[in-house]
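Reader: Please take one part of this structure and examine it closely, in a single connected account. I should like the description to proceed from individual residues to the elements that carry them.

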Amino acid sequence: MPVAINLGDAGMWNTYGVAGFGQSRRFINYKSTLEPAGFPFTGRTYTGYGGVLLISGIDAFTNEPGALAYDLSCPIERSQTVRVAVDPESLEAVCPVCLSHYDVTMRGGAPLSGPAAAGKRKYGLRRYTCLKTTTGGYMITN
């Protein structure tokens with residue numbers, strides 16, 4: 001599923017972006033669900049399969065702080081409407097159905113516990129790309 005969220009200028013980023021470590025926001029454009037409220041969704045805005053989780057953290061591959069993005073759908077449940085939510089205490093994404101936990105601030109959406117972390121094959125959250133713009137924001141894409 002395509003992903004394209006334009007938070008490319010400082011105004012959009014300051015309104016809809018994330019700043020402090022662990023701060024998160026969800027972007028969902030599915031049937032009658034539009035989140036966040038007031039976001040200017042256009043015909044060129046795409047939010048992936050289950051929506052997009054945008055969170056401020058440390059990129060697991062570059063060790064650089066910044067914006068990280070993942071699909072909100074749990075890879076175990078494989079449903080557009082079963083979405084992970086960030087636990088404000090642990091800053092882990094948690095599936096409300098299978099109860100899998102994912103590290104979304106430091107380990108690239110890696111599974112930590114639950115069915116996603118069990119067995120030989122591990123199921124992490126799908127990562128999306130956050131590209132810094134020259135105008136003070138990010139473009140989220142896949």
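Author: In this predicted model, Arg-26 is partly exposed, with a relative accessible area of 26%. Its salt-bridge partner is Glu-35, and the closest N and O atoms of the two are 3.0 Å apart. Glu-35 is likewise partly exposed, at a relative accessible area of 26%.

A search of the whole structure returns 2 salt bridges. Besides the pair just described, Asp-59 forms a salt bridge with Arg-127, with 3.3 Å between the closest N and O atoms. Asp-59 belongs to the loop between strand E5 (52–58) and E6, whereas Arg-127 belongs to strand E11, so this pair ties together parts that are 68 residues apart in sequence. The burial of the partners can be stated for each: Asp-59, at 16% relative accessibility, counts as buried, while Arg-127 is partly exposed, with a relative accessible area of 27%.

Arg-127 also takes part in the pairing of strands. It is the bridge partner, in E11, of Tyr-70. Strand E6 (residues 65–71) and strand E11 (residues 127–132) run antiparallel and are joined by 2 bridges. These strands belong to an open sheet of 8 strands, whose order is E3-E2-E5-E6-E11-E12-E1-E4 and whose pairing is antiparallel. Strands E3 (33–35) and E4 (46–47) stand at the edges; each has a single partner strand, so one side of each is left without a neighbour in the sheet.

Within strand E6 lies Ala-69, which is buried, with a relative accessible area of 2%. Not counting residues up to four places away in sequence, Ala-69 touches Val-52, Leu-53, Arg-126, Arg-127, Tyr-128, Cys-130 and Ile-140. The C-alpha atoms of Ala-69 and Asn-142 are separated by 9.8 Å, although these residues are 73 residues apart along the chain.

Val-52 and Ile-140 lead to the nonpolar core. In soluble globular proteins, nonpolar side chains tend to be buried together. Here the largest nonpolar core has 18 residues, and those with the most contacts inside it are Leu-7, Phe-27, Phe-39, Val-52, Leu-54 and Ile-140. At least two residues of this core come from each of strand E1 (3–9), helix H1 (10–16), E5, E6, E11 and strand E12 (136–141). Leu-7, leaving aside its neighbours within four places in sequence, is in contact with ten residues' worth of surroundings that include Met-12, Trp-13, Tyr-16, Phe-27, Phe-39, Leu-54 and Ile-140. A second, separate core of 16 residues includes Ile-28, Leu-68, Ala-93 and Cys-95.

Aromatic residues complete the account. The whole structure holds 4 aromatic pairs. One of them joins Phe-27 and Phe-39, an edge-to-face pair with 5.3 Å centre to centre and 80° between the planes. Since Phe-27 lies in strand E2 (residues 24–30) and Phe-39 in the loop between E3 and E4, the pair ties together parts that are 12 residues apart in sequence. Phe-27 counts as buried at 0% relative accessibility, and Phe-39 counts as buried at 8%. The rings of Phe-39 and Phe-41 have their centres 4.8 Å apart and their planes at 70°, so this pair too is edge-to-face. Tyr-16, Phe-27, Phe-39 and Phe-41 form one aromatic cluster.

Key:
Residues are numbered from 1 along each chain as its sequence is written. Side-chain values use heavy atoms; hydrogens and water are left out. Two strands pair if DSSP finds at least two bridges between them. Helices (H or I, at least four residues) and strands (E, at least two) are DSSP runs, numbered from the N terminus. A salt bridge is a side-chain nitrogen of Lys or Arg within 4 Å of a carboxyl oxygen of Asp or Glu. Buried means under 20% relative accessible area, exposed over 50%, partly exposed in between (1.4 Å probe, protein chains only). A nonpolar core is a set of buried Ala, Val, Leu, Ile, Met, Phe, Trp, Tyr and Cys residues joined through side-chain atoms within 4.5 Å. Contact means heavy atoms within 4.5 Å. Rings of Phe, Tyr and Trp (its six-membered ring) pair if their centres lie within 6.5 Å; planes under 30 degrees apart count as stacked, over 60 as edge-to-face and the rest as tilted.
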